[in-house]
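Here is a short briefing for a reader who has not seen this structure before. It begins with the structure itself.

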Amino acid sequence: MPPPELGGGIARTIGTTPMTETMMTTREACQKRLIGLRDEIAELKAEIATADMNRQARRGRVDPARFVRARAELRHKQAEAAEVAVLMSRLPGRKDALKDTLIAMFREGHDDAAWATVMDEAHRRLGGAA
């Protein structure tokens, strides 16, 4: 059994669930995962700090293998958090979903010719505002 100074869980998540298998499709799912990752990162940092304080108290040496595993897991979690943040920034937000819904509703009420006229006017206004 591993010593308690690193909680015995150093390599518990490295490589267990690749990001590609758990791709989130909503901003809410990304936010939940980010919150979880931030908690896990804080826990790892606390474990590393506690292990170091215990080592200092007993005037011992650092177990290099255990420290390397702890830092690797920390880097893994930080990299995953960065990936989730990038993914979340690329997902449509509530405003985008509202706009898409409004356009779909508006489009239902127009035939192709009327819709083309509406789109031409929108492009004209957009060009004038830029």
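The points below cover one helix, the salt bridges and a surface patch.

This is a predicted model, in which local features need pLDDT of at least 70 and side-chain atom pairs count only at pLDDT 80 or more, while totals for chains, interfaces and linings use all residues. Residues are numbered from 1 along each chain as its sequence is written, and side-chain values use heavy atoms, leaving out hydrogens and water.

**Helix α1**
- Helices are DSSP runs of H or I with at least four residues, numbered from the N terminus.
- Helix α1 covers residues 27-57, and its end C-alpha atoms are 45 Å apart, in agreement with the expected 45 Å (1.5 Å times one less than the number of residues).
- Buried residues (under 20% relative accessible area, 1.4 Å probe, protein chains only) of α1 include Cys30, Leu34 and Ile41.
- Arginine 59, just after α1, has a positive phi of about 55 degrees.

**Salt bridges**
- The model has eight salt bridges (a side-chain nitrogen of Lys or Arg within 4 Å of a carboxyl oxygen of Asp or Glu).
- In α1, arginine 55 and aspartate 52 lie three residues apart, and their closest N and O atoms are 2.8 Å apart.
- Arginine 107 pairs with aspartate 112 at 2.7 Å, N to O.
- Arginine 125 and glutamate 121 pair at 2.9 Å, four residues apart in helix α4 (residues 112-129).
- Arg33, Glu40, Lys77 and Glu80 are joined into one network by salt bridges that share partners.

Key:
Helices (H or I, at least four residues) and strands (E, at least two) are DSSP runs, numbered from the N terminus. Buried means under 20% relative accessible area, exposed over 50%, partly exposed in between (1.4 Å probe, protein chains only).
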